[in-house]
Amino acid sequence: ETRVCILGETGTGKELVARAIHEKSPRHDGPFVTLNCAAVPAELIESELFGHEKGAFTGAAGRHIGKFEQAEGGTLFLDEIGDMPVTMQAKLLRVLEEGEVERVGGDKPVKVSVRVVVATHRNLEELVAQNGFRRDLFHRIYVFPLLLPPLRERSEDFPELVAHFARQVAAQNGWKEKEFSAQAITALQEYGWPGNVRELRNVVERLVLLAEGEK
């Protein structure tokens, strides 16, 4: 039940790590629910997390169950927690401390049993120093930090990653599997990979599509 904070550049596989943590935990039979805090407008993130009642605001035509209730008995993965608005951080802290949420427009709290795992590409300690992230919330979520190194620092992983993605692409498209030569792997290792593993997967798919022959 320890709160894990996954740190790493965009594309390093933070959600995959969060999912693996969930699947190896006692909550593995429960749901794994995700929310990218950077992708939700500030005015909607409270409703996304906690839900809302019918008529709570303009456009609320019915009750909406938020991510916390959806994740009951399982894990809620909050990606890019460093981009959460400061006003929302206070409300999240209260949920983590009290174990209950209150839907927007609701009049009573709802108990929830959810493990929260967070991730960010930002330096949370710097954000705290700049008053961009609440110190009390930082201490709540930063119990066990996991740092994912960028792909450019993991050259020994290339052969296995490339082979895995090549098999995956071939299986998804019904293609014959193609093998990458040692020279091809070396060429891939020499690139900087600003998009990390996500970028590598896309490049492997493109190469498998365009390459002639079995290598």
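Does D157 count as buried, partly exposed or exposed in this structure, and what is its relative accessibility? At 25% relative accessibility, D157 counts as partly exposed, since buried is the word kept for residues under 20% and exposed for those over 50%. The structure is a predicted model, and its protein chain has 215 residues, of which 42% count as buried. The points below go from the chain as a whole to its nonpolar cores, its salt bridges and the packing of its helices.

**The chain as a whole**

- The protein chain contains nine helices and seven strands, and its C-alpha atoms fill a box of roughly 65 × 40 × 35 Å when the box is taken along the principal axes.
- If one considers the contacts in the protein chain with a separation of 6 or more, 72% of them are accounted for by residues that are 24 or more positions apart.

**The nonpolar cores**

- The largest nonpolar core is made up of 32 residues, and those with the most contacts inside it are L49, F68, L78, I81 and F133.
- Several elements each supply at least two residues of this core, including the strands β1 (4-7), β2 (32-36), β3 (75-79) and β6 (115-120), and also the helices α2 (45-50), α4 (86-98), α5 (124-129) and α6 (135-141).
- Among these contributors, α4 gives the most to the core, with five residues.
- L78, one of the residues with the most contacts inside the largest core, touches L35, C37, L49, L92, V116, V117, V118 and A119 when residues up to four places away in sequence are not counted.
- There is also a second, separate core of 16 residues, and among its members are L161, A166, V169 and V203.

**Salt bridges**

- The structure holds 12 salt bridges, and in one of them the side chains of R103 and E53 meet with a distance of 2.9 Å from N to O.
- R103 lies in the loop between β4 (100-101) and β5 (110-111), while E53 lies in the loop between α2 and α3 (67-70), so this pair ties together parts that are 50 residues apart in sequence.
- Both partners of this bridge count as buried, R103 at 12% relative accessibility and E53 at 17% relative accessibility.
- In another salt bridge, the side chains of R201 and E205 meet at 2.5 Å from N to O, and these two residues, being four residues apart in helix α9 (residues 196-210), are separated by about one helical turn.
- R201 is buried, with a relative accessible area of 15%, whereas E205 counts as partly exposed at 30% relative accessibility.
- Salt bridges that share partners join E53, E69 and R103 into one network.

**R154 and its surroundings**

- R154 is found in the loop between β7 (144-147) and α7, and it forms a salt bridge with D157 in which the closest N and O atoms are 3.1 Å apart.
- The two partners fall into separate classes of accessibility, because R154 counts as buried at 16% while D157 counts as partly exposed at 25%.
- Leaving aside neighbours within four places in sequence, R154 is in contact with T12, P149, L161 and V197, and of these contact partners L161 is included in the second core.

**How helix α7 packs against α9 and α8**

- Helix α7 (residues 158-173) and α9 pack at an angle of about 55°, with their axes 9 Å apart, and the two helices are therefore oblique to each other.
- In this arrangement α7 passes α9 in a right-handed crossing.
- On the side of α7 the contact is made by F158, L161, V162, F165, A166, Q168, V169 and Q172, and on the side of α9 it is made by V197, L200, R201, V204, E205 and V208.
- The contact with α7 thus includes R201 and E205 of α9, the two residues whose side chains meet in a salt bridge.
- Helix α7 also packs against helix α8 (residues 182-189), here at an angle of about 110° and with the axes 10 Å apart, which makes α7 roughly perpendicular to α8.
- Where these two helices meet, F158, P159 and V162 come from α7, and I185, L188 and Q189 come from α8.

Terms used
Residues are numbered from 1 along each chain as its sequence is written. This is a predicted model: local features need pLDDT of at least 70, side-chain atom pairs count only at pLDDT 80 or more; totals for chains, interfaces and linings use all residues. Side-chain values use heavy atoms; hydrogens and water are left out. A nonpolar core is a set of buried Ala, Val, Leu, Ile, Met, Phe, Trp, Tyr and Cys residues joined through side-chain atoms within 4.5 Å. Buried means under 20% relative accessible area, exposed over 50%, partly exposed in between (1.4 Å probe, protein chains only). Contact means heavy atoms within 4.5 Å. A salt bridge is a side-chain nitrogen of Lys or Arg within 4 Å of a carboxyl oxygen of Asp or Glu. Axes are lines fitted to C-alpha atoms, for helices over the stretch in contact, and angles run from 0 to 180 degrees between N-to-C directions. Angles under 35 degrees count as roughly parallel, over 145 as roughly antiparallel, 65 to 115 as roughly perpendicular and the rest as oblique. A crossing is left-handed if the near helix is turned anticlockwise from the far one by less than a right angle, and right-handed if clockwise.
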